[in-house]
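User: Please take me through this model, from its ligand site to its salt bridges. Start with the terms.

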Amino acid sequence: MDNIRVEGGVPLSGRVRISGAKNAALPILTAALLADGAHTFRNVPDLRDVHTMLRMLRRLGIDAEYERGVATVQARPVLEPVAPYDLVKQMRASVLVLGPLVARYGRASVSLPGGCAIGARPIDQHLRGLEAMGAAVRLEHGYVHVDVPSGRLRGADIYLDFPTVTGTENLLAAAALAEGRTTIGNAAREPEIEELAHVLNKMGASVDGAGTDTIVVEGREQLAPVDHAIIADRIEAGTYMVAAAATRGDVLLEGVQLEHLDAVVAKLREAGVTVEREGDGVRVAHQGRLRPVDATTAPHPGFPTDMQAQLMVLMCRADGQSQIRETVFENRFMHVPELNRMGANIAVDGRTATVRGVPRLGGAQVMATDLRASASLVIAGLVAEGVTEVLRVYHIDRGYERIEEKLAGLGAHIERVSGHA
Ligand code: EPZ
């Protein structure tokens with residue numbers, strides 16, 4: 001397993017291009033299951049999770065190729081709509097094939113995702129929505145078996161217990177081919193939901209209200225293949241913004257859509273960081289002292305849980321105390337012990353972390369756990385005195401394209417070393 005070795009103390013400077021959004025690419029790749037023919041997806045990031053999803057499509061009998069940011073998917077009827085454990089266990093988002101398969105074929109079996117590092121993460125909301133549309137759900141031998149006795153899903157009024165992102169995406173895709181109208185109430189409002197709706201509408205679907213908490217879908221008999229370029233990754237962008245600020249650098253991010261990051265930008269500015277549009281990019285700079293800020297994660301448009309660990313590292317350098325509350329996942333503070341080993345002063349009480357700014361962090365060997373925690377440890381290494389080695393960087397490769405190359409391009413002393421572990 002590879003590790004990342006970084007020597008801290010260099011203020012980042014220069015330009016970095018933000019890649020396509022992982023959490024848009026994953027549901028959009030599964031949308032190809034809704035329509036036979038040649039689909040072309042552009043600006044697709046070269047990530048472990050993307051390749052896992054392409055393997056899932058191939059396992060379902062679909063041709064799926066990836067070449068320099070372009071995924072070409074030749075979709076054809078799926079004979080065995082089964083998402084097997086060996087792939088689902090690698091990536092919880094594999095569950096996104098469920099809605100399209102049930103909508104298209106009236107049946108599907110998907111291995112239950114099981115927990116993951118950041119929490120239990122069941123799919124009860126996905127399943128209840130499909131039942132409302134006429135599906136029958138059976139849990140057996142670690143698989144969820146879904147079939148539609150009438151042969152085709154019918155539109156329904158669904159109201160989610162809370163705005164689950166992939167739950168909304170699964171039900172949106174299912175409704176696109178259901179018979180009649182579906183409304184999804186208390187829907188997730190993330191930009192990736194709007195992007196999926198945009199792709200479905202380009203395929204001939206009728207989706208209204210994506211990006212709000214109520215989505216209305218008129219089901220269609222059939223959809224057509226699509227050619228689409230995917231939006232930029234707002235979480236990757238936010239991560240580089242924090243890295244620029246934490247190292248007291250001055251960085252221009254290219255290709256980012258600032259309107260997708262309102263909550264993150266507001267917190268950075270509250271802390272005293274400069275964030276401003278410059279040309280077709282966004283400039284992030286910080287030289288002075290950092291003000292402590294409090295934050296509570298929430299579904300979009302609230303402060304994203306996927307930026308919680310990154311903000312925490314920034315607050316380790318602030319003048320004072322910050323409270324960071326994690327309300328989305330039940331166990332998303334695993335970066336805290338590792339940061340404290342680097343000299344941070346963070347106390348966790350349930351879902352609240354109290355961060356007290358410290359004058360410096362010290363390099364150490366640290367262990368990556370979940371995707372975003374790993375990125376925050378790399379940022380900590382950029383800031384710390386001495387050398388930090390982040391182990392198990394396969395977590396990072398799931399969601400960050402060529403992170404060490406991009407950071408080295410901004411002046412960081414960073415390299416990937418083949419791990420001994
Ligand atoms: C998506 O996961 C993202 N993944 C996550 O990003 C992100 O952290 C999360 O949304 C929240 O924004 C993708 O888009 C592929 P949820 P998802 O369903 O859909 C519980 C990353 O770093 N829940 O909104 O799985 C669940 O346990 C990843 O890129 C139920 O209880 O998140 C969690 O506590 C990490 N029942 C909470 O809701 C359900 O049926 C939020 O889950 C569904 C979810």
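Analyst: Buried means under 20% relative accessible area, exposed over 50%, and partly exposed in between, with a 1.4 Å probe and protein chains only. This is a predicted model: local features need pLDDT of at least 70, side-chain atom pairs count only at pLDDT 80 or more, and totals for chains, interfaces and linings use all residues. Residues are numbered from 1 along each chain as its sequence is written, and side-chain values use heavy atoms, with hydrogens and water left out.

User: Asp370 forms a salt bridge with which residue, and is that residue buried or exposed?

Analyst: A salt bridge here is a side-chain nitrogen of Lys or Arg within 4 Å of a carboxyl oxygen of Asp or Glu. Asp370 pairs with Arg332, with the closest N and O atoms 3.6 Å apart. The pair links two loops 38 residues apart: Asp370 lies between strand E22 (365-367) and H12, Arg332 between strand E19 (321-325) and helix H11 (335-341). Asp370 is buried at 7% relative accessibility, and the partner asked for, at 6%, is also buried: Arg332.

User: Which residue forms a salt bridge with Arg15, and what is its relative accessible area?

Analyst: The closest N and O atoms of Arg15 and Glu254 are 2.6 Å apart. Arg15 sits in strand E2 (residues 13-17) and Glu254 in strand E15 (residues 250-254), 239 residues away along the chain. Arg15 counts as exposed at 54% relative accessibility. Its partner is buried: Glu254, at 17%.

User: Which residue of strand E15 pairs with Arg283, and what is its relative accessible area?

Analyst: Arg283 forms a salt bridge with Asp250, the closest N and O atoms being 2.8 Å apart. Arg283 is in strand E17 (residues 281-285), 33 residues from its partner in strand E15. That partner is partly exposed: Asp250, at 29%.

User: How many salt bridges does a search of the whole structure find?

Analyst: Some of the residues form a network: Asp2, Asp397, Glu404 and Arg416 are linked by salt bridges. Across the whole structure, the search finds 28.

User: Which helix supplies the largest share of the shell around the ligand?

Analyst: Helices are DSSP runs of H or I with at least four residues, strands are runs of E with at least two, and both are numbered from the N terminus. H1 (22-31), H5 (124-132), H6 (165-176) and H12 (371-383) each give at least two residues to the shell. Domain 1 (2-19 + 232-418) and domain 2 (22-219) each give at least three; these bounds come from an automatic or database domain assignment. The largest share, three residues, comes from H5.

User: What share of the ligand's exposed area does the protein bury?

Analyst: Polar contacts to the ligand come first (pairs of N or O atoms within 3.5 Å). Ligand oxygen atoms lie 3.0 Å from a side-chain N or O atom of Asn23, 2.6 Å from one of Thr166, and 2.9 Å from a polar backbone atom of Val328. Taken alone the ligand exposes 820 Å² (Shrake-Rupley method, 1.4 Å probe). Of that, the protein buries 89%.

User: Where is Leu268, and how far is its C-alpha atom from that of Ala173?

Analyst: Leu268 is found in helix H9 (residues 262-270). Leu268 is buried, with a relative accessible area of 1%. Leu268 and Ala173 are 95 residues apart along the chain, and their C-alpha atoms are separated by 35 Å.

Conventions:
A polar contact is a pair of N or O atoms within 3.5 Å; within protein, one must be able to donate a hydrogen and the other to accept it, and residues adjacent in sequence count only if both atoms are side-chain atoms.
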